[in-house]
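This report goes through selected features of one structure under short headings. The sequence and the model come first.

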Amino acid sequence: MSGRPVDLGPAKRRTVLAALLVDAGRWVAAETLIDRVWGEDPPAKVRATLYAHIARIRRVLVDTAPHLSGGADDPPTVPSLLRGPGGYRLDIPPDLVDAHRFRSLVTRARQADRSDAVRVAMLREAMGLWQGTPLAGLPGDWAAQTRESWLHQRIDAVLAWADAELRFGGHVVVVDTLSVLVAEHPLIEPLAVTLMRALHAAGRAPEALACYAALGKRLADELGASPGAEARREHRAILSGKAATAAVHRAPAGTGTERARAVPAQLPMEAAEFTGREKELAWLEKVLGSAAGQPTAVVVSAVSGTAGVGKTALAVHWAHRVQDRFPDGQLYVNLRGYDPDRPMTAPDALVRFLTALGVSGQDIPLEADDRAARYRTEVAGRRILIVLDNAATVEQVRPLLPGTGSCAVLVTSRDSLAGLVAREGAHRLDLDLLPADAARTLLLRLVGTRAEADPEAVDALAAQCARLPLALRVAAELAAARPSTPLTDLVTELADQQRRLDLLDADGDPRAAVAAVFSWSLRHLPAEAARTFRLLGLHPGPDLDVHAAAALTGSGPADTRRALDVLARAHLVEPVDAARYGMHDLLRAYATRLATAEDAPETREAALDRLFDHYLATAAAAMNCLYPAEAHLRPAVPESATPVPGLSDPDAARAWLNTERTCLTAVSAHTATHGRPLHTIRLSLILYRYLISGHHTDGLTVHGHARDAARGIGDPASEARALLGLGTAYWQLARHEPAIRHLQEALTLFRRAGDPTGQARALVNLGLVDERLGRFLSAVENLEQALVLYQSVDDRWGEAVALKDLASVEEQLGRHGQAAGHLQQALTLLRQTGNRYLEAHALNDLGTIEARLDLLGSAARRQEQALVLFREIGDRYGEAGALYSLGIVHSRCDRHAQAAACHRQALTLYCQNGDRDGEARALNGLGEAARAAGRPTDALVHHTHAFAIAEDIGNPGHQAHAHGGLGDAHHALGDTALAVFRYERALALYTELGMPEADAIRTRLATVTGLRP
């Protein structure tokens, strides 16, 4: 207050103020304050003592207000301490509280669009707010836990600042700051590792090595442990004389692959007029209030069978209240545990979480355990709130639990999840019905003044709804929609409905009340809206758009939209966004039950036929728009009985596929297991090209269901095509063993079926796997066999594909003339068939050949033409390849800045596409450009990263390229021994592969050693 200290008195009073300040501007329940200040054993008259402390704090605030700084143009902010139904609230801008300002600065600094200079400035300001020990002198567990949590936040911010500062060139200040912190916290390993990195970058390698030795001794003496993997990597880098590595969560600085940490914000919208639950919110606050740093999983579960009690609403409401305490993001997933046919599996949820955390599709592991491990790695040390909604079993939850105490997990379930409590130490909250006064308040808010005039009817309606929030909302909406009907009459109607349906059993099962309210509400809907509600329960996906709903009902989109709007107003469906609708799982189950009871089996089957035909027809239309020249590879599909969205524009077609991908995958699973195998098989064939464009995990699922469906009906031809899709997906994921296995199985089945086109497609893809593995002669053999097969059936599209891929292998073997001839033939065929997609690829490949032949001007023109085509048709894979090829030409022409720019753009696209093979290629290109521009140290970083990826995916050609580039960089730096080592490794690989680059490496090796090549 105006710079002068104010004596608040005893420590407990100061703790009360601190407990209010950490939630500045928010209501804090009295129970929460008591727990924070007095812990689990408060004195008998603790509330009176709390009130006395509150009164004294309020007087101090009033007394000090005249002394606050501020002028006429800048009046001071006067804090006020309010009391209300939610507890107490200290009204003060959070930015005036150091802890809140610190978190705000750190959160803003982490935004991806910040430059290093801005990030450094913000983090420096945040660090400057730390003065001494936080909450110094305050007793109790809460203060101790908060101090510990804030310490973790400070360390994390310091590491982020050091990372940015080092890239910005601030080695000296990083060394000075971290030296002090390492002395204060000698066992926090990331601090010591970053100090080693800073010392190394500042040219103080001996001190960096001494820092490592000291860390090892401390860990051994105190914990009986040794330094971790990151410390060991940094130590090896220092010993080998390599450039200092980047921070743990980034790729090497300057490679262009720094992945700014994604900050997911997945919380769904809060329920309107959330009411009551003060005790439950206080309980959550007690358990999770300082969750960053607390290794706790919390289960919010209803009493067994009490669906619709408001578990999700409570979890989401609390999550929104505290989201600023989790600056690294909030993850949310509806596990749909009580959906009988469509629960989400933990591996599928992990894919969603990893994608939200910024992991590319290619980097998402295929095995469930590996996915869980990658997920734990991504969230390690980050303050993330994870909400797992509607879990059915412990097994569904366990793989989604982080391995770090910095995260908080909130689970909702109808089950008690006792195993999670026993094994993981989760805290459990049994959520009961809304208290009578809260149920009354909710109805008053939703119904309005008419309810205020008839309190007895409100109480009766609340009782009829069993005080379940879902039922209360549905009933209130019906009441609001009939403003001229007295509330008493509505209560009588519902009572009659309950008796007529005999839904209430002797035990008063609350679910019966929900069903009664649903039934009552549906009675007052227009017949078409009620029918739409029933049929929506049949949809296998998590949500749907108007056209899919129209397919289910057999109505037009306009009529269907009107019915959906009626259902949304009645709270019987939930708008997911402006164009899509979902359903609460209890409503979905009720709708399905009604459809089974009221609609004839043939009516339900006809609705599903229309729906699945709609998805097939729309997917086919989207693919025909994007890839018209490949229409002959896709099966004929029945016309949709209802209108499909207009997809004549490629952007609209791609957007529809991206939006509906989850539903299409669900349709694939449902049709495969519910007697519609032909739908499953057709969907796999239709989506083949789309799924191999970066949607590999979905491709494995869709093609896997198609294979199983084909086997189930004894259709080996369709099984072979599904195996072809599986093999291609595995190839793109750099999983070469399963790729070869599936493609060889497909080839065997195609041969048995006497299908030459299918054989050729399998052989082409086997050739691509061979090429990736450096088995070029085997690749040529497979591709030449494919070419003969395509020619035998006059398949000009297939012939062009085989020629193009054969030329790619021949180029790597140094057969440039043959490769150019094959590409010219391929271009002629592709232009005849109008296949612009493959034409662009062939143009780019021809440019690569011409660059090899020193026809650099023509090469650049070909690649620029290809780049224009790729961008026109939206092929981001091809665009990346054309940019890489242009970068190589720019390097050959000594245009190093332009080369680096092309490779960086290519690298960005490869990363976004999840193409790790392409990443290695672009990184090697960046290394060449850096070395040619006189930056051999940067070249070391690029080639080292390229080699790591190439080794991981098993591409020996890229490994050899990286070895050669590293040799060039070491030679430029005057390190002859390391240059010779790298050249020898490159020479051995190139010679083994039979690639012409071996001659160039042999010459370079001779130059360095002074020996004859």
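## Arg852 and its partner

Arg852 has a relative accessible area of 34%, so this residue counts as partly exposed. This value, like those that follow, comes from a predicted model. The side chain of Arg852 forms a salt bridge with that of Glu811, with an N to O distance of 2.6 Å. Glu811 belongs to helix α36 (residues 796-812) and Arg852 to helix α38 (residues 836-852); the pair links distant parts of the chain, 41 residues apart. Glu811 is buried, because its relative accessible area of 10% falls under 20%.

## Other salt bridges

Across the whole structure, a search finds 32 salt bridges. One of them joins the side chains of Arg534 and Glu598, at 3.6 Å from N to O. Arg534 lies in helix α23 (residues 527-536) and Glu598 in helix α26 (residues 585-598), so this salt bridge ties together parts that are 64 residues apart in sequence. Arg534 has a relative accessible area of 12% and is therefore buried. Arg534 and Glu598 also belong to a network with Asp599, joined by salt bridges that share partners.

Asp543 and Arg580 form another salt bridge, in which the closest N and O atoms are 3.0 Å apart. Asp543 is found in the loop between α23 and β8, while Arg580 is in strand β10; the two are 37 residues apart, and the pair links distant parts of the chain. Both residues, Asp543 and Arg580, are buried.

## The sheet that holds β10

Strand β10 is part of an open sheet of three strands, with the order β8-β10-β9 and antiparallel pairing. The edge strands, each pairing on one side only, are β8 (544-545) and β9 (574-575). Between β9 and β10 (residues 580-582) there are two bridges, in the antiparallel sense. Glu574 has Gly582 in β10 as its bridge partner.

## Nonpolar cores

The largest nonpolar core has 158 residues. Those with the most contacts inside this core are Phe533, Leu536, Leu572, Leu657 and Leu687. Helix α27 (residues 601-626) gives the most to the core, with twelve residues.

What does Leu572 touch, not counting residues up to four places away in sequence? Its contacts include Val474, Phe533, Met583 and Leu587. Ser521, Leu522, Leu525 and Leu567 are also among the residues that Leu572 touches. Apart from the largest core lies another core, of 70 residues, among them Leu138, Val158, Leu191 and Ala198.

## Aromatic rings

A search of the whole structure finds four aromatic pairs. In one of these, the ring centres of Phe102 and Trp130 are 5.7 Å apart and the planes stand at 80°, so the pair is edge-to-face. Phe102 is in helix α4 (residues 98-109), and Trp130 is in the loop between α5 (116-128) and α6 (141-168); this pair links distant parts of the chain, 28 residues apart.

Phe102 is buried, with a relative accessible area of 4%. Trp130 has a relative accessibility of 19%. Buried or exposed? Trp130 counts as buried, because the cut-off is under 20%.

Charged groups also sit over rings. The charged end of Arg83 is placed over the ring of Tyr51, 4.9 Å from the ring centre. Similarly, the charged end of Arg921 sits over the ring of Tyr884, 5.8 Å from its centre.

Note on methods
Residues numbered from 1 in each chain as written. Heavy atoms only, no water. Pairing = 2+ DSSP bridges. Helix = DSSP H or I, 4+ residues; strand = E, 2+ residues; numbered from the N terminus. Phe/Tyr/Trp six-rings, centres within 6.5 Å; stacked < 30°, edge-to-face > 60°. Buried < 20%, exposed > 50% of the residue type's maximum accessible area, 1.4 Å probe, protein only. Lys NZ or Arg CZ within 6 Å of the ring centre and 35° of its normal. Salt bridge = Lys/Arg side-chain N within 4 Å of Asp/Glu carboxyl O. Core = buried A, V, L, I, M, F, W, Y, C linked by side-chain atoms within 4.5 Å. Contact = heavy atoms within 4.5 Å.
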